[in-house]
Amino acid sequence: GIRDGAGGNGNGNYTVTLATNTASSITRLNSVTWTGGGSTTDWFDPANWAGGAVPDLSNVANVVIGNSANATFGSANTVNIDSLNGGGLTQNAGTLNVGTGGMSLGSFSQSGGTAAVQGNVTVNGNFEQNSTGTLTVVGNANLTDTSGGLVIGNLSAAALSATSTGGDITQTASTTIAVTGATTVDAGNSNISLNSATNDFGGTVTARGTNITLVDAGALVAALTATGNSTLTAGTTLGVSGSTQGLTTSAGGATTLGSTTVGGNLSLTSAGVVTQSGPLTVSGTTLISAAGQSVTLDNAGNDFTGAVTVTGATTALRDSNALTAALATTGDTTVQAGGDLVVSGTVSGLGSDLTTTTTGTGSTQFGTTTVGGKLAATSAGAVTQSGALTVTDTTTLTATGQAVTLDNAGNDFTGAVTVTG
């Protein structure tokens, strides 16, 4: 005998074809449509399916849920189908395996169980996961939420597009988002917070919203369009570009800044070198913390409106306009401004030199400054000081036709001082 294992669905899921020889074939039902005739929304209630054919085990290929309907998958059963299309699905338990036909629904809510899809997943109305469900997508995940915000839990996909037109895009606590390729997150005028320490974004994350928070356990590349503040955390290397109000970054490896505009303050902490591949514009203050690492922010298009404070090893700073720099560096340091330059701090370590340059009509002012090696200052304007200057090696001041006034009582020039003024 043949039994489909669904129990009570009239055994309508299989077709038995008897051949004239000893071999016969069994073909599962090609498709079944949700009718919602049962007293509940239970997936496993035969009254909810046309012909009473419950999609269970591997007995149906393609499943259709009406656009205005919602089915609840709440059993511990394992169901294998080729495709799932239509309205809404709520999964509380069990395993739903969907083939290369993929899953395209109006809504998907998962509070338990596992959904594994070999094709693409598209949700165009409502998407929400909590901490106990898992959605695995071999293809691409295209998720849209139109009301109340989009909530992502344990999700893996080849590529991810998440869009919310009705609220924040957030992540359930203690979950992991793993995306092999590119990720696009668009919350419009709302916030984005994908902040689990175990996240893994393999490709560039392009994010648009108000306040944006992104965390990656490994390398992170982020392209931002934020009208509020952004916080980025990478376990290893970090790449940043785009625009944001305030920007706070932390990287366990190197940090690279592409073309980046920060409307407020920039605070950057890096366990590796700090470099740039495009101009950096910061309207507020800039704080670079990269102890023991080189800092190279010498793009000709840089514009630091507020003071720049740098902790690093070998350092190069450049501003197309005026620049105020407070240094705590342990290697050769170069500071260049297209306008007035104010420098203070410490370039420590025997043989660590400080080289400053201003162009246009830019003056040079030294605050309290200590140089472990040589000081070479070239200034298009006057050279003055507001604090004591200590130089271990030689000092060369070039300010042709300009006044040079370094008469602080606390100055200490160990080596020879050469002045052109």
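**Notebook: contacts, burial and overall form of a predicted chain**

I began with Gly-351, which, apart from neighbours within four places in sequence, is in contact with Asp-332, Gly-372 and Gly-373. The model I am reading is a predicted one. I located Gly-351 in the loop between β35 (341-347) and β36 (354-358). Its relative accessible area is 42%, so I entered Gly-351 as partly exposed. I then took the C-alpha separation of Gly-351 and Lys-374, which is 7.0 Å for residues 23 apart along the chain.

**Entry: the chain as a whole**

I looked up the secondary structure and found 43 strands and zero helices in the protein chain. I next checked the extent of the C-alpha atoms, which fill a box of roughly 105 × 40 × 30 Å along the principal axes. The radius of gyration of the protein chain is 31 Å, whereas a compact globule of 421 residues would have a value near 22 Å.

I asked what share of the contacts with a separation of 6 or more comes from residues 24 or more positions apart. The share in the protein chain is 11%. Of the 421 residues, 45% are buried. For the surface, I noted that the protein chain exposes about 16,200 Å², with carbon and sulfur atoms supplying 49% of that area.

I also recorded the charged side chains: 5 are positive and 20 are negative. The centres of these two sets lie 10 Å apart.

**Entry: the largest nonpolar core**

Nonpolar side chains tend to be buried together in soluble globular proteins. I therefore asked which residues of the largest nonpolar core touch the most other members. They are Trp-43, Leu-84 and Leu-214, in a core of 92 residues.

I followed Leu-84 further and, leaving aside neighbours within four places in sequence, listed its contacts. Among them are Trp-43, Val-63, Ile-65, Leu-89, Leu-96 and Val-98. The list for Leu-84 also includes Gly-102, Met-103, Ser-104 and Leu-105.

I moved on to Leu-89, which I found in strand β4 (residues 78-91). Is Leu-89 buried or exposed? Its relative accessible area is 0%, so Leu-89 is buried. Not counting residues up to four places away in sequence, Leu-89 touches Trp-43 and Leu-84, and its other contacts include Asn-70, Ala-71, Phe-73, Leu-96 and Leu-105. Ser-107, Phe-108 and Ser-109 are also touched by Leu-89. I noted a C-alpha separation of 9.9 Å between Leu-89 and Phe-127, which are 38 residues apart along the chain.

**Entry: three strand residues**

I looked up Val-262 in strand β24 (residues 255-262). I entered Val-262 as buried because its relative accessible area is 0%. Beyond its neighbours within four places in sequence, Val-262 is in contact with Thr-244, Gln-245, Gly-246 and Leu-247, and also with Thr-281, Val-282 and Ser-283. Val-262 and Thr-184 are 78 residues apart in sequence, and their C-alpha atoms are 21 Å apart in space.

Ser-230 is placed in strand β21 (residues 230-234). With a relative accessibility of 1%, Ser-230 counts as buried. Not counting residues up to four places away in sequence, I found Ser-230 touching Ile-212, Leu-224, Thr-244, Gly-246, Leu-247 and Thr-248.

Ser-267 is found in strand β25 (residues 266-270). Its relative accessible area is 25%, which means that Ser-267 is partly exposed. The contacts of Ser-267, leaving aside neighbours within four places in sequence, are Leu-247, Thr-248, Thr-249 and Leu-287. I also noted that the C-alpha atoms of Ser-267 and Ile-288 are separated by 6.2 Å, with their positions 21 residues apart along the chain.

**Entry: positive phi outside glycine**

I checked the backbone of Leu-57 and found a positive phi of about 50 degrees, although Leu-57 is not a glycine. Leu-57 lies in the loop between β2 (25-33) and β3 (60-73). I recorded Leu-57 as partly exposed, given its relative accessible area of 42%.

I then turned to Ser-174, a residue other than glycine with a positive phi near 65 degrees. Where is Ser-174 found? The position of Ser-174 is in the loop between β13 (169-171) and β14 (177-179). Ser-174 counts as exposed because its relative accessibility is 72%.

Terms used. Residues are numbered from 1 along each chain as its sequence is written. This is a predicted model: local features need pLDDT of at least 70, side-chain atom pairs count only at pLDDT 80 or more; totals for chains, interfaces and linings use all residues. Side-chain values use heavy atoms; hydrogens and water are left out. Helices (H or I, at least four residues) and strands (E, at least two) are DSSP runs, numbered from the N terminus. Buried means under 20% relative accessible area, exposed over 50%, partly exposed in between (1.4 Å probe, protein chains only). A nonpolar core is a set of buried Ala, Val, Leu, Ile, Met, Phe, Trp, Tyr and Cys residues joined through side-chain atoms within 4.5 Å. Contact means heavy atoms within 4.5 Å. The radius of gyration is taken over C-alpha atoms; the globule rule is 2.2 Å times the number of residues to the power 0.38. Accessible areas come from the Shrake-Rupley method with a 1.4 Å probe; for residues, only the protein chains shown count as cover. Lys and Arg count as positive and Asp and Glu as negative; His and the chain ends are not counted. The place of a charge is taken as NZ of Lys, CZ of Arg, CG of Asp or CD of Glu.
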